[in-house]
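Q: Please take a close look at one helix of this model. What does each of its sides face, and how does its length compare with expectation?

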Amino acid sequence: MAETGVNATAAALLGLLHDGPMTGGQLMTAAQKRLGAYWSMTRSQVYRELPALAEAGYVKLGKPGARSSQPYSITPAGKRAFGKWLAEEPAREAVRSPVALRAAFGKYQTATQLKTAYAQATAYHTAALNEAREAVKELRRDGDDHGAAALEFAVGYHRAALAWLKNAPAK
């Protein structure tokens with residue numbers, strides 16, 4: 001956890017709440033749309049972090065709406081904590097690729113198994129690359145150059161994965 005006591009998931013939620021109050025479900029949707037191409041967040045993480053952020057005074061609950069959903073909004077203390085988190089040195093990145101892990105143990109698989117894994121990964125990365133490119137275009141049209149720049153990371157990642165897959169040994 002960072003010096004501020006705010007972990008990356010909590011910081012992402014605080015960042016999203018700068019756009020206005022949102023329920024947990026709305027935060028999940030916003031996180032998937034804006035961050036999902038390069039940062040994963042599960043529903044359980046969101047619903048675990050929101051009460052902790054409220055207890056810390058970083059968010060406050062609004063009035064219950066439909067189906068007892070409650071919007072959260074960021075507080076001034078939350079904005080300060082988010083600003084401090086942004087000023088900290090980012091944590092080290094960790095790459096986790098299920099297909100690269102399988103390739104590492106390729107000598108224990110058949111050529112068919114490897115080719116199937118590579119084909120599935122190629123289909124995934126191709127679709128994800130196309131989605132990320134479209135999202136970049138949409139963000140640039142909306143004037144969100146920073147969001148578009150972050151999504152360019154996903155574009156580069158998927159391009160690199162596809163280039164690696166073309167040359168990965170099938171046996």
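**A close look at one helix**

A: On the side of helix H3 opposite its buried residues, Arg48 and Glu55 are exposed. Here buried means under 20% relative accessible area, exposed means over 50%, and partly exposed lies in between, with a 1.4 Å probe and protein chains only. This is a predicted model, in which local features need pLDDT of at least 70, side-chain atom pairs count only at pLDDT 80 or more, and totals for chains, interfaces and linings use all residues. Residues are numbered from 1 along each chain as its sequence is written, and side-chain values use heavy atoms, leaving out hydrogens and water.

Helices (H or I, at least four residues) and strands (E, at least two) are DSSP runs, numbered from the N terminus. H3 covers residues 43-55, which is 13 residues. The expected span of a helix is 1.5 Å times one less than its number of residues. For H3 this gives 18 Å, and the end C-alpha atoms are 19 Å apart, which agrees.

The buried residues of H3 are Val46, Glu49, Leu50 and Leu53. Viewed down the helix axis, these buried residues fall within an arc of 110°, so they line one face of H3. The arc is taken from the directions that run from the helix axis to the C-beta atoms.

What covers the buried residues includes helix H1 (8-17), helix H2 (24-34), strand S1 (59-61) and strand S2 (72-74); contact means heavy atoms within 4.5 Å. After H3 comes glycine 57, with a positive phi near 85°.
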